[in-house]
Amino acid sequence: MMISPYPVATIFGVLIVALTIAAGLIWLERRLLALWQDRYGPNRVGPFGLFQVMADMIKIFFKEDWIPPFADKTIFVIAPAIIMVTVLMSFAVLPIAPGIVVSDLNVGVLFILAMSSLGVYSVALAGWSSDNKYSLLGALRAAAQMLSYEVFMGLSIMGVVLLAGSFNLVQIIDAQRGLWFVIPQFLGFVLFLIAGVAETRRLPFDLPEAESELVAGFHSEYSGMKFGMFFVGEYLGITLISSLIAILFLGGWLGPILPPIVWFLLKTFLLICFFILLRASLPRPRFDQLMTWGWKVMLPLAVANLLVTGAIVVATAQGRSF
Amino acid sequence: MFSILQTMWNVFLHMFHRRVTVQYPEEKPYLAPRYRGRIILSRDPDGGERCVACYLCAAVCPVDCIALQATEDSSGRRYPEFFRINFSRCIFCGFCEDACPTYAIQLTPDFEMGEYHRPNLVYEKEDLLINGPGKYPGYNFWRVCGVQIGGKDKGESEREAAPADVHTLLP
């Protein structure tokens, strides 16, 4: 167990870095999308358009914080806070570098899965309390989608947990010293990647907010900073899933020459770029296709992966005692 | 499945393509000479107004943004007393240019006419008149038309035969 010598500093450090990255992602996503669509994207405000985020923030802060008169006010206000809280809570167990982790939890993987399950409430309650048919449809879709994809999201990491013999994220990273889990667990990696995209409700799985059919889905009625919280929550979710993939499958901070934290941030950054590439290139599927894909293809694959991994672990562990 | 990966790869390759955006205020786009932008009134090579105030442009204008009043000077030349184009209405269709019998009204490759106050978009004759002949350098309407004006009698136009003498039967 590694405990940081300055817990408060670590907490604030992780909070500030996570929120800054989430804000910066707004700029990064727009620039990268533009790059892949042969455009420039925001490049006027400040160097490379970096201050665009600041301008957007100022704008969003000064917007009227409007609550529709027909909405269920308490839940309407709480919903965007839930997504921020659950995602930021997950960051608490992420090991960023040796010794830099807010809480070195023994059941870190389970904690993150639990928190991402709780995130469904945010979306479902937001859609419900808006009292708007589009919001409600978006919320229904989000609830169904996230529940279905959570099932095999959990199962797809179990292979990693079996190989590492621990739910602790730090120990999972340590277990990858010889070989990153992306090689023995390639199927699990692919499954988790797809589930991760679905969990963060990103394109191509952004059916809850499909703007071509549902206005803006569950956040149709939100404006100002409450909308901003959904927005930042989504980018925090991307950061979380990317760093999680980096930790579980790509060896976290492990890597030659460069310092550990650089390796971790580099892997996370590349995965985030991959997420944005997904958005730039793929259309969204029909909802029934999404469900069929989840239950009939991904879930059996995840179960098969778990069974085979389990069998191999048991077979090779004859001499060892667990 | 394979097509999904190929799509992603193709999109990724766009990273190395040239960007199509024109960085506008610094880098101006090329506008063709026949681009339909700000409307001007041109002059004859000798400096006189080409417009003969025939009202054809005002009649053809689909949004009624052209207003003018015809008048005549002492030599018999028709010209507009005032000529007003309301650019907040103009749709730059170019019909006025097509309708104009004297090449007076022309559209130019200039679109940068933003204003903070709407009334500033109403251009009067002194705003519209330019000092040159525009797209038709050699053309001088009053020198090729058969109309008699001060300083040019019948038969004195370019390529115009002398008027027939109706008092004789000889060819």
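## Reading the interface and the empty spaces

Tutor: Chain B and chain A bury about 1500 Å² between them, and 61% of that area is on carbon and sulfur atoms. Keep in mind as we go that this is a predicted model.

Student: Thanks! How many residues does each chain bring to the contact?

Tutor: Chain B contributes 16 residues and chain A contributes 14 residues.

Student: And how many salt bridges does the rule find across the interface of chain B and chain A?

Tutor: The rule finds one. It joins the side chains of A:Arg44 and B:Glu26, with N to O at 3.0 Å. If you look at the side of chain B that touches chain A, you will find eight nonpolar, five polar and three charged residues.

Student: What is the count of residue pairs in polar contact between chain B and chain A?

Tutor: Six residue pairs, with both partners at pLDDT 80 or more.

Student: How many salt bridges are there over all chains?

Tutor: The count comes to 17. A good one to find on screen is A:Asp56 with A:Arg30, where the closest N and O atoms are 3.6 Å apart. A:Asp56 sits in helix H2 of chain A and A:Arg30 in helix H1 of chain A, so this pair ties together parts that are 26 residues apart in sequence.

Student: Now for the empty spaces. How should I think about finding them?

Tutor: The general idea is simple: rolling a probe the size of a water molecule over the atoms shows where empty space is left. Let us begin with the largest pocket here, which has a volume of about 910 Å³.

Student: Which residues lie nearest the centre of the largest pocket?

Tutor: From chain A they are A:Phe274, A:Leu278 and A:Leu282, and from chain B they are B:Ile4 and B:Met8, out of 30 lining residues. The elements that give two or more residues to this lining are helices H1 (7–36), H7 (186–199), H9 (260–281) and H10 (287–316) of chain A, together with helix H1 (2–13) of chain B. H9(A) gives the most, with seven residues.

Student: How do the residues of that lining divide by class?

Tutor: The lining of the largest pocket has 28 nonpolar residues, one polar and one charged.

Student: What about the second largest pocket: how much space lies in it?

Tutor: About 660 Å³. Its lining has 29 residues, and those nearest the centre are A:His219, A:Phe227, A:Phe231, A:Tyr235 and A:Arg279. By class, the lining of this second pocket has 13 nonpolar, four polar and 12 charged residues.

Student: Which element gives the largest share of the lining of the second largest pocket?

Tutor: H8(A) does, with eight residues. H1 and helix H2 (52–61) of chain A, like H8, each supply at least two residues.

Student: And cavities: how many of 30 Å³ or more does a search of the whole structure find?

Tutor: Four. The largest cavity has a volume of about 190 Å³. Of the 16 residues that line this cavity, the closest to its centre are A:Val87, A:Ser116, A:Glu199, A:Thr200 and A:Gly237.

Student: Which helices of chain A each supply at least two residues of the lining of the largest cavity?

Tutor: They are H3 (73–91), H4 (108–130) and H8 (224–249). H8(A) gives the most to this lining, with five residues. By class, the lining of the largest cavity has six nonpolar, seven polar and three charged residues.

Technical notes:
Residues are numbered from 1 along each chain as its sequence is written. Chains are lettered from A and ligands numbered from 1 in the order in which they are written. This is a predicted model: local features need pLDDT of at least 70, side-chain atom pairs count only at pLDDT 80 or more; totals for chains, interfaces and linings use all residues. Side-chain values use heavy atoms; hydrogens and water are left out. On a 1 Å grid over the protein atoms alone, a cavity is a set of points where a 1.4 Å probe fits but cannot get out, and a pocket is an open set with protein on both sides within 12 Å along at least five of seven lines; lining residues have an atom within 4 Å of a point. Grid points are joined across faces, edges and corners, and a volume is the space filled by probe spheres set on the points. Helices (H or I, at least four residues) and strands (E, at least two) are DSSP runs, numbered from the N terminus. Ala, Val, Leu, Ile, Met, Phe, Trp, Tyr, Cys and Pro count as nonpolar, Asp, Glu, Lys and Arg as charged, and the others, Gly among them, as polar. Contact means heavy atoms within 4.5 Å. Buried area is the accessible area (1.4 Å probe) that two parts lose on being put together, summed over both. A salt bridge is a side-chain nitrogen of Lys or Arg within 4 Å of a carboxyl oxygen of Asp or Glu. A polar contact is a pair of N or O atoms within 3.5 Å; within protein, one must be able to donate a hydrogen and the other to accept it, and residues adjacent in sequence count only if both atoms are side-chain atoms.
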